[in-house]
Amino acid sequence: MNVRESIITTLAGVEDDLRKLEHPQETFALLTDYAHLTTLASDGAQIWTEAFSQALLENACLRIPASPEPYWIDKTVVIPSGRTIFAEDGALIRQREGVRVLMFRNAHPVDGTHLQPDQTHPDRDICIIGGRWEESYTQRVGYRGSGRYDETEAFYGVGASFLFNNLENLCLRNMTVVQAAGFAFQLGQVRNALIENITFVSCFGDGVHVGG
């Protein structure tokens, strides 16, 4: 086997392993089972941030049902290791207007801004399939304007809808990202990733920004 064939064979094996994350043995919990944790905004919008957070804390597998109304979020939702999220066709997850932080990130990113980061304890096995994921911007607003790590900018240079950093085994498939003011996905220090069939609608930065 020559070098090219060896690379292709290795990558095919990685892809097969990552696709297995889509079909875990665990039963999928429904996000709507956590509706009691939602709150109502002043304009009547139902805010699902805490419902998402608690559902992902308690369950390895989460299904987001189709809904005529958006699942509004107003803060960053943290995804722990070993989580599979399946969003049905017709499931819209939308960030509230004016929110300046990430929509979703993994639990233990590392900051490599100034020094080579410690990657001895990565997160593992995160998979998101399907869904429409929207910010509420109509133009690019630049760093600090959207997609911050947090309000204090604990990590400089983060500006995205999704941040995956210090992570082993990531699968993102069949997703639609809409009106992202910065990067849709920002990846760094990620080992083994399958990113496939992603649609970007009216986005204003890189779709998948890797290692920048």
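# A guided tour of the chain

Begin with the whole chain in view: of its 212 residues, 45% count as buried, where buried means under 20% relative accessible area, exposed means over 50%, and partly exposed lies in between, with a 1.4 Å probe and protein chains only. What you see is a predicted model, in which local features need pLDDT of at least 70 and side-chain atom pairs count only at pLDDT 80 or more, while totals for chains, interfaces and linings use all residues. Residues are numbered from 1 along each chain as its sequence is written, and side-chain values use heavy atoms, with hydrogens and water left out.

**The whole chain**

Switch to a cartoon view, where the chain has two helices and 16 strands; helices (H or I, at least four residues) and strands (E, at least two) are DSSP runs, numbered from the N terminus. If you show the C-alpha atoms alone, they fill a box of roughly 65 × 40 × 30 Å along the principal axes. The radius of gyration of the chain is 17 Å, which agrees with the value near 17 Å for a compact globule of 212 residues; this radius is taken over C-alpha atoms, and the globule rule is 2.2 Å times the number of residues to the power 0.38. Among the contacts in the chain with a separation of 6 or more, 65% are between residues 24 or more positions apart, contact meaning heavy atoms within 4.5 Å.

**The nonpolar cores**

Next select Phe-52, Ile-64, Phe-104, Trp-133, Phe-164 and Phe-185, which touch the most other members of the largest nonpolar core, a set of 35 residues. Such a core is a set of buried Ala, Val, Leu, Ile, Met, Phe, Trp, Tyr and Cys residues joined through side-chain atoms within 4.5 Å. Among the elements that each supply at least two residues of this core are α2 (49-58), β10 (123-129), β12 (160-173) and β14 (183-196), and β12 gives the most, with five residues. Another core, of seven residues, lies apart from this one, and Leu-102, Val-158, Ala-160 and Leu-163 are among its members.

Now centre the view on Phe-185: leaving out residues up to four places away in sequence, the residues that Phe-185 touches include Phe-162, Phe-164, Leu-172, Ile-198 and Phe-200.

**Two loop residues**

Move to Ser-146, in the loop between β11 (132-134) and β12. Is Ser-146 buried or exposed? Ser-146 is buried, because its relative accessible area is 3%. Apart from neighbours within four places in sequence, Ser-146 is in contact with several residues, including Arg-100, Glu-135, Tyr-137 and Gly-182.

Then select Asn-197, in the loop between β14 and β15 (199-201), which, neighbours within four places in sequence aside, is in contact with Arg-173, Asn-174 and Met-175. Add Gln-46 to the selection and compare C-alpha positions: Asn-197 and Gln-46 are 151 residues apart in sequence and 29 Å apart in space.

**Two residues with positive phi**

Most residues other than glycine have a negative phi. Select Asp-125 in strand β10, which has a positive phi of about 60 degrees although it is not a glycine; with a relative accessible area of 26%, Asp-125 is partly exposed. Finish at Asn-166 in strand β12, which is not a glycine either and has a positive phi of about 60 degrees, but Asn-166 counts as buried, at 2% relative accessibility.
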